[in-house]
Amino acid sequence: MVGKPARPANAIDQTRRMLSLVTYLRERPGARVEDVARAFGITEDELISDLDVLPLCGTSFRGGDLLDIDTDGDRIWWHNPDDVAEPLRLAADEATALLVAARAVSTLPGLREGDRQALLRATAKVEAAAGEAAGASSRLSVTFESEGGVFADVDRAISERRRLWIRYYSPARDEVTEREIDPIRLVSVGHTYVEAWCRRSEARRTFRLDRVAEIKILDEPSAPPEIELRDLSEALVQPAAEDPEVVVEVGPGGRWVAEYYPHDSADELPDGGLCITLRTPDPTSLRRLALRLGRDGRIVSPQDLADSARQAAREALAAYDGPQTAYDEPHLRRGESAGPSGAPHGVDGRRV
Amino acid sequence: MAIAKAERLMNLALCLLGTRRPLSKRELRQSIEAYVEAFGPDRSAAGSDDSFNRMFERDKDDLRELGLVIETVENLDGDVGYLARRDSNRLPPITLDAEEAAALGLAAKVWQQARLAGAASGALQKLRAAGLPEDVDPYEAHGALEPRIPVHEAAFEPLMLACRDRRAVAFEYRKANAAHPEPRTVEPWALECWRGHWYLAGWDRGRGAERVFRLSRITGRVRTRSGTFTAEVPDVVTVRETVASWAGETADRSALIRLRTGSGYPLRAKATAVRELGDGWDELEIPYGHGLDAWLVEFGPDVVVLDPAELRADVVDRLRAVAKG
């Protein structure tokens, strides 16, 4: 099951599930193991382990009346169904988790209109059924960012299995390139990305939708090779072990680098800064970072990357020399807020 | 081997749901196998009462977290009994069609945080038990779209619970440019995820003002404080607007820059006016908000700031720091 978060077995979750399971089984004598597992979003093994516990549970005070639930591995039978098994009201956390997620998904700009309407209707019904338990759900909210038009085109191309042509901006090189891609799926983790087979590089690539400058759905069918979908729950792109290492030293004002760039290590420095070691297939892409950091940090290695940032700054400064040096007089720097002021626009340290 | 916790909780839940009259702690202790096994049938070994009581209280709390409404009833003799009445625990009737069910199925799997992922699937399972249609496999129907809500911050769960229960919290917070964290005591109002990062809005008791905190800057543990909120919770809490202004998205001025032809696509995308100069350079008007200087410097020699002077000076200042190495 792609992308479903893996969770350790947990007694609370299992109890919750078993309470619903008895209700479910009462209504469906002879239900198939396969169908029940799917309806509950669990593996058949998880379901079987629940079915091992249930016959040890009694419905009444002073024992007796143990749940007589058994399975032959294919179908499940409850021989003494009891009316204790009524549908249970939603807990506050359950209502919050479902409602916050539903509201967030309903704001996805590219969501199909029919799906959005269905989700809004469902949200209202769940809110009503949850009653007071829905109250705390307003204290949590999530906004997905994505480019509506691009999203809709990618979504359509995926469902119609068609190839896409895009003009895509790569911040690492500050250039816009044209590519044909065979889209595989859309992923929203803060920003929205399309995972695709890139026909230009003949490799799997992840493209951030807000960096797509232009998009067209082509007539050619999309034919991505059979590739195993990765679990994207940790990070969209994990650097490879063979990627070159870059060491960056930042002061307190550059600590955001550790928040935006996946890294191997971030060691505290005595001045409140960090020494960050990260890996990237293309160190030259970090020249932007060096320029952005200014006095808040510097590239320690590789040396040629540090040199190229210095060189770029000198070239840039040349444009300000001459008659307009009046601008060089000392001035007050604007105050910095507590916010992610130093953090870059849209830089997230991800490849492509 | 000790009886598994899930089995114990399940038995306690079914006992409390099944009874028509309040059951005393003693009755529950005697009738649930896991308690008998761990503590003996009755007040026997010294000290076992205390540990039974602690386990019983924890178990009740766990069931309440799962949504069970457990009443505590005192009878005429002053004995305390417990029961979970059917009518206060029953889900009100809810009918969802297949499309609505599929949409909820998609929403239920977006959490990447264990507690909320568990709670969301729990909600779906309760609805499933109540007859939510399952013709469409909720985990495959929307194969192409996979929204995920990332939660990497350790402070998230304690803050979520504190927001829910309206409890003040204390934590160490390191401001963006501060060398060291400082202690803060906050009445938490709301958490919001924007661009993949979580923020907390609340009343900062030390500063006597509303503040927004970025969760990744909270260091160490979040501790809850007893007592009620001292400041009124506003009807509408605006987290995103505050964060957007930090990110320079609330530009109220405009800047004039020169940009090398063919470069700086994101600057062009934001530009309100573009003029081709014909000498390999274009002139752009772009919104000028907080943080624009740092962004412009990223483009190195491909950008020259013309106006305003303040921005030009900031950029030059930053470039000099880099040039010096």
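Start with chain A by itself, coloured by secondary structure: this predicted model gives it 9 helices and 13 strands. Of the 352 residues in chain A, 43% are buried. Look also at how the chain folds back on itself: among contacts with a separation of 6 or more, 59% are between residues 24 or more positions apart.

**Stop 1: a sheet in chain A**

Select strands 10, 11, 12 and 13 of chain A. They make an open sheet of 4 strands, in the order 11-12-10-13, with antiparallel pairing. At the edges you'll find strand 11 (265-268) and strand 13, each of which pairs on one side only. From one strand to the next, the twist averages 20 degrees.

Now zoom in on strand 10 and strand 12 (residues 274-279) of chain A, which run antiparallel and are joined by 6 bridges. Click on A:V250 and look across to strand 12: its bridge partner there is A:L274.

**Stop 2: the helix on that sheet**

Keep the sheet on screen and add helix 9 of chain A. This helix packs on the sheet, where it touches strand 10 and strand 13, and its direction makes about 145 degrees with that of strand 13. Helix 9 covers residues 303-318, and its 16 residues reach 23 Å from first C-alpha to last, close to the 22 Å expected at 1.5 Å a residue.

Which residues of helix 9 of chain A are buried? Show A:L305, A:A306, A:A309, A:A312, A:A313 and A:A316 as sticks, and you have them. Turn the view to look down the axis of helix 9 of chain A: the buried residues fall within an arc of 125 degrees, so they line one face of the helix. As a reminder, an α-helix has 3.6 residues a turn, so residues three or four places apart point the same way.

Spin round to the face of helix 9 turned away from the buried side, and pick out the exposed residues A:Q303, A:D304, A:D307 and A:A318.

What do the buried residues of helix 9 of chain A pack against? Within chain A, select strand 10 (245-250), helix 8 (287-293) and strand 13 (297-301); then bring in helix 12 (309-324) of chain B, which is part of the packing too.

**Stop 3: where the chains touch**

With chain B now in view, show both chains together. Here 113 residues of chain B are in contact with 117 residues of chain A. On the chain B side, helix 7 (residues 114-129) gives the most, with 14 residues. Colour that side of chain B by residue type and it divides into 64 nonpolar, 23 polar and 26 charged.

Next, find strand 4 (residues 140-143) of chain A and strand 6 (residues 182-194) of chain B, a parallel pair with 4 bridges. Click on A:T143, whose bridge partner in strand 6 of chain B is B:W194.

**Stop 4: over in chain B**

Select strands 10 to 13 of chain B, where 4 strands form an open, antiparallel sheet in the order 11-12-10-13. Strand 11 (273-276) and strand 13 (303-307) of chain B stand at its edges with a single partner strand each, so one side of each has no neighbour in the sheet. Neighbouring strands are turned by 25 degrees against each other on average, direction ignored.

Strand 10 (residues 253-260) and strand 12 (residues 281-288) of chain B pair antiparallel over 8 bridges. One place to click is B:A255, which stands opposite B:I286 in strand 12.

Last, pick B:D293 in helix 11 (residues 292-297) of chain B. Buried or exposed? B:D293 counts as buried because it has 25 C-beta neighbours inside 10 Å. Leaving out residues up to four places away in sequence, B:D293 touches B:L311, B:D314, B:V315 and B:R318. Draw a C-alpha to C-alpha distance from B:D293 to B:L311: they are 18 residues apart in sequence and 6.3 Å apart in space.

Methods
Residues numbered from 1 in each chain as written. Chains lettered and ligands numbered in written order. Predicted model: local features only at pLDDT ≥ 70, side-chain atom pairs only at ≥ 80, totals over all residues. Contact = placed C-beta atoms within 7 Å. Helix = DSSP H or I, 4+ residues; strand = E, 2+ residues; numbered from the N terminus. Nonpolar A, V, L, I, M, F, W, Y, C, P; charged D, E, K, R; others polar. Pairing = 2+ DSSP bridges. Expected span 1.5 Å × (residues − 1). Buried ≥ 20, exposed ≤ 12 C-beta atoms within 10 Å, placed from the backbone. Arc of directions from axis to C-beta. Axes fitted to C-alpha atoms, helices over the stretch in contact; angles between N-to-C directions.
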